[in-house]
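Biologist: I have a model open and would like to know how its descriptions are earned. Could you take me through the terms one at a time?

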Amino acid sequence: MPLLDPIELTRALVSFDTINPPGDEEASARYLAKILAAAGFEVNLQRFGERRFNLVAKVAGVQGAAPLGFTGHLDTVPLGTASWTHHPHAGEVADGRLYGRGSSDMKAGIAAFLVACLPMLDALRASTGLHVILTGGEETGCDGAHALTRADPALLEPLGALIVGEPTSNRAVIGHKGALWLRGIARGVTAHGAMPHEGVNAIYKVAEALRKIQHFEVGASHAAMGAPTLNVGTVQGGLNINSVPDRAEFSIDMRTVPGIQHTCVTDRLRGHLGNIELEPVIDLPPVYSDPEDSWIARVTDLARARGASSSAPRTVQFFTDAAVLGPATGRPPTIILGPGEPEMAHKTDEYCRVDRLLEAVDLYRDVLADWIAR
Ligand SMILES: [Zn+2]
C-alpha cells in the first residue's frame, strides 16, 4: 500500500464532521478501518449508537507478550459561537499551521501515530503486537470507551503499555486528575407563594448545602498533581415567582488526585450535605504512571531528545480515555503524548503546528523502535 502522508491524513480526518454532540464517528471510523485493514490489522468496528463508533485494530505479536497500545478519540467538541477565519473542516494549511476542528485535539495525533506504525508492523508482529483503540464520544465523558468496556470487553486485552495521543506539544505527560461530576438534588413541597409556611422550599435546602460545600475537603494533595478541587458550576430551581419550589438542583465538578476513592468521597459528601440526593454525572478516576517506570523514563527521554521543551515528566488538567481504558487493559504504564497544542483544544480557529505533526511521526517511530528492541 502507498505510504501515508501525515499532513494529508490529518486533513482527511479533519474533513469528517465528528462534532460531539451529537457525535458521528461512522464515516471517519470506516475510512480508518479501510486503511488499517489494508495494512494488515484485524479491524473491529463497534457501534454504540446511531452513527456512533469505536474502532479497535490489532496486530498480533508472539504468544504471551502483552501488546503495546495506542488510543485516540475521533470525536471533537462543537465549533462554538464565534465565527472561524479558516473553515473548520477544510484542513487549510497556512503559515506552518494545519487548521480545523479536531486538528490539535486530536486528529493530528491519530494521523501521526498511524503513519509511524504502519511501516513497522512486521517488526511489531515479531515482537508484542500492537492494539490501536480509536474511540468515539470522548469529549462528552469517555462515552465510547465506556461502551467498549461494557459491550465488548473481550476487544480490550491486557496491554504492556499505553500511549494516549492527546495534545501535549510532543511532551511526555504521565498523568491527569480524575473527574467526579455530581448532580445534587433537593426536594421540597410546593405551595402558593403567599402561603410559604404550607410548603418546604427546595431552594433554601440547596442554599444551605452550598454554604456547607464550600468547607468540604475533597482529600489530600498529590506530590505531582497538587490539590484536588471542587467547583459548583450551576444552580437551578423553581418554576415561577409565586410558588414554593419543590425541587432545586446544582452541579458539582470535583477534580481528584491518586489516593482519592470516588465512592468514598461521594459518601462523605452525602453525609456532609445532609438531605441532598447525589447523582453521578461523570466518574473518571485519575491516571498516573510512575516516572521511575523504565518504559515511562525511556519515552520521556525520547521526547526530550526530539526537543520537547520540558525536561521533567508532567501532568495535565484535562482527562483522557486512559481513565477508562487503563483499568480495562490491566492498568499498563501510560504516557500521554501527541503533536497537538493543548492550548488550542476546543478553541476557535483550532490548529496543529505542522512541524510538531512531523516531529510526532519521528517521535512515535522512536518510541515504537524502543519498544520493539526491549
Ligand atoms: Zn482530546
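**Pairs, sheets, domains and a core**

Modeller: Happily, and let's begin at one residue pair: His176 stands opposite Val287 in strand S13. This is a predicted model, where local features need pLDDT of at least 70 and side-chain atom pairs count only at pLDDT 80 or more, while totals for chains, interfaces and linings use all residues. Residues are numbered from 1 along each chain as its sequence is written.

Biologist: What makes S8 and S13 a pair?

Modeller: Two strands pair if DSSP finds at least two bridges between them. S8 (residues 173-176) and S13 (residues 287-288) have two bridges, in the antiparallel sense, so they meet the rule. Strands themselves are DSSP runs (E, at least two residues), as are helices (H or I, at least four), numbered from the N terminus. S8 also pairs with S14 (residues 314-316), in the parallel sense over three bridges; there, Gly175 has Thr315 as its bridge partner.

Biologist: Why are S10 and S12 called edge strands?

Modeller: Four strands form an open sheet in the order S10-S11-S9-S12, with antiparallel pairing. S10 (229-237) and S12 (277-284) each have a single partner strand, so one side of each is left without a neighbour in the sheet. For S12, the link to S9 (residues 178-187) runs over seven bridges, and Trp181 stands opposite Ile282.

Biologist: How do you know that H7 packs on the sheet?

Modeller: By contact, meaning that C-beta atoms, placed from the backbone, lie within 7 Å. Helix H7 (residues 262-273) touches S9, S11 and S12, and its direction makes about 30 degrees with that of S9. Such angles run from 0 to 180 degrees between N-to-C directions, with axes fitted to C-alpha atoms, for helices over the stretch in contact.

Biologist: What makes domain 1 and domain 2 separate entries?

Modeller: The bounds come from an automatic or database domain assignment. That assignment gives domain 1 (6-176 + 287-373) and domain 2 (178-284). Their centres, taken over C-alpha atoms, are 35 Å apart.

Biologist: Why is the largest nonpolar core said to lie between the domains?

Modeller: A nonpolar core is a set of buried Ala, Val, Leu, Ile, Met, Phe, Trp, Tyr and Cys residues joined through C-beta atoms within 7 Å. Buried means 20 or more other C-beta atoms within 10 Å of a residue's own. Of the 91 residues in this core, Ala112 and Tyr364 touch the most other members. Both domains give residues to the core, so it lies between them.

Notes: Contact = placed C-beta atoms within 7 Å. Buried ≥ 20, exposed ≤ 12 C-beta atoms within 10 Å, placed from the backbone.
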